[in-house]
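Hi,

Here is the structure I promised to pass on. Have a look first, and then read my notes below.

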Amino acid sequence: MPTPLHFDPTSAAFAANPYAVYERLQDQDAPLYWPDLDMVMVSRYADVSQIAVNPAMVRSLKDHCSDVDLEEETRKSGFADMPYHARFVQSNLLDTDGPEHGRLRRLIFGAFTARGLKGLEGDIHDYVERLLDGIPKGESFDCIEEIAAPLPGVIIGRFLGVPEEDAPQLRLWSEQIVSYYDIDKTPTKKAIAETAVKDFHDYLILLKNERHRAPQDDMISRMISQETEGLFHKDELIATCMLILMAGHGSTIDVIGTGLHSLLKHPVAMRELRDDPSLWPTAIEEMFRYEPPLPFFHRHATDAVTLRGHVFPAGTTFGLLYGAANRDGTVFPEPDRFDIRRTPNRHVAFGRGAHLCLGNQLAKLNMRVLFRALFKQFEKIELAGDAEFKRGLSTRGLKALDIKVF
Ligand code: HEM
């Protein structure tokens with residue numbers, strides 16, 4: 001087993017600059033063992049990619065160990081004694097592997113393709129215009145709360161079939177559930193997360209019954225037809241809806257904030273984007289590379305794996321640091337430079353392999369529409385205070401981003 005590693009991802013220093021820690025990790029001869037989570041931390045781009053695309057590296061141990069071992073693993077990771085969480089979060093599409101994962105993924109894949117999202121672009125435009133019309137000029141405001149936060153709930157809600165007025169409630173439930181994924185798990189956070197899953201479940205059951213009676217042109221109505229045909233099994237429809245609402249919510253809020261922050265810190269890039277809006281697609285890819293909002297995931301090894309000549313046995317749990325891989329200098333020249341023209345830009349902000357983010361096109365579409373509209377509506381956007389990053393390992397985003405627009 002490689003040498004243990006010591007760092008504190010809940011510290012202010014890590015929040016201010018996790019990339020210094022990631023660089024130290026990448027400099028080691030082998031991925032290091034992190035006792036706090038009993039994981040081997042993988043930080044180099046090649047290693048992260050190798051683990052993420054290997055089918056023997058799984059998200060769930062369900063089919064790979066005894067019930068007793070699984071119970072022990074669940075207890076160790078803090079997810080025991082959460083009956084609703086176990087049914088609707090711990091066993092969703094993201095936490096299945098192999099053929100079962102493939103079946104669930106294929107059922108909803110079409111909705112996330114460019115074709116499936118076609119009708120949504122106009123809706124995003126309309127909503128963003130309404131949102132920006134309400135922004136006062138010349139006054140300082142927190143653009144995370146006023147611009148970034150309302151958008152994803154409304155848009156994912158529209159895609160799925162959730163009424164717009166319920167978007168703030170969806171945000172709260174998503175945040176309460178996602179917050180229990182990070183490493184600082186407390187009993188209070190656990191109780192809040194379990195209650196949020198239960199309330200979210202009750203809400204989705206009512207919505208499902210409504211759509212059952214009166215189907216509409218939305219994803220939940222299509223999923224109900226699939227369930228009637230026997231394609232979704234017990235609990236899977238609700239678990240999939242929850243995953244879609246959760247996975248893209250906080251992550252979109254965070255990357256809008258960090259993306260705008262990166263631009264505000266790079267005034268030349270801001271000016272170039274104003275002069276040449278065709279740069280937006282590469283600029284947005286760079287926002288995802290530079291500050292990926294979901295920088296850390298895990299995989300369990302069901303077979304031995306060799307990384308740079310070091311053998312890790314079956315049973316090893318790997319921490320995949322997508323955030324570190326995105327700053328690997330062997331793949332990205334001058335990795336710490338925010339470069340809105342970076343090409344190629346094969347970042348791993350959306351993961352790699354079987355679990356590659358289903359919502360990646362939707363996330364980029366939201367960003368493109370929002371940023372273009374923001375720059376069109378306001379001639380000048382400036383920082384109105386220092387911005388502080390939230391603490392944690394699993395998510396990366398700003399607490400607030402005070403700006404002024406003119
Ligand atoms: C905004 C930025 C987003 C980022 C950075 C992001 C990142 C990721 C990553 C890294 C994974 C793979 C996890 C792993 O390797 O274990 C993932 C999976 C997933 N994401 Fe996203 N995501 C984003 C937005 C969205 C949106 C908007 C949606 C849907 C509305 C979404 C839905 C999903 C789903 C369903 C999965 C599971 C895919 C599977 O297991 O096959 N994501 N996401």
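In which loop is C357 found? C357 sits in the loop between α18 (322-325) and α19 (360-377); helices here are DSSP runs (H or I, at least four residues), numbered from the N terminus. The sulfur of this residue, C357 (SG), is the only protein donor of the iron atom of the ligand, at 2.3 Å. Donors are N, O and S atoms within 2.8 Å of the metal (3.2 Å for Na, K and Ca), and water is not among the atoms, so sites may look incomplete.

A word on the source: this is a predicted model, where local features need pLDDT of at least 70 and side-chain atom pairs count only at pLDDT 80 or more, while totals for chains, interfaces and linings use all residues. Residues are numbered from 1 along each chain as its sequence is written, and side-chain values use heavy atoms, leaving out hydrogens and water.

Now the cavities. There are two of 30 Å³ or more. A cavity is a set of points on a 1 Å grid over the protein atoms alone where a 1.4 Å probe fits but cannot get out, and lining residues have an atom within 4 Å of a point. A volume is the space filled by probe spheres set on the points, which are joined across faces, edges and corners.

The largest cavity has a volume of about 60 Å³. Its lining includes F14, Y22, K390 and R396, and α1 (12-16) and α2 (18-27) each give two or more residues to it.

The second largest holds about 40 Å³ and is lined by S60, K62, D63, D95, T96, D97 and E100.

Enjoy exploring!

Methods. 1 Å grid on protein atoms, 1.4 Å probe; cavity = no way out; pocket = protein on both sides within 12 Å on 5 of 7 lines; lining within 4 Å.
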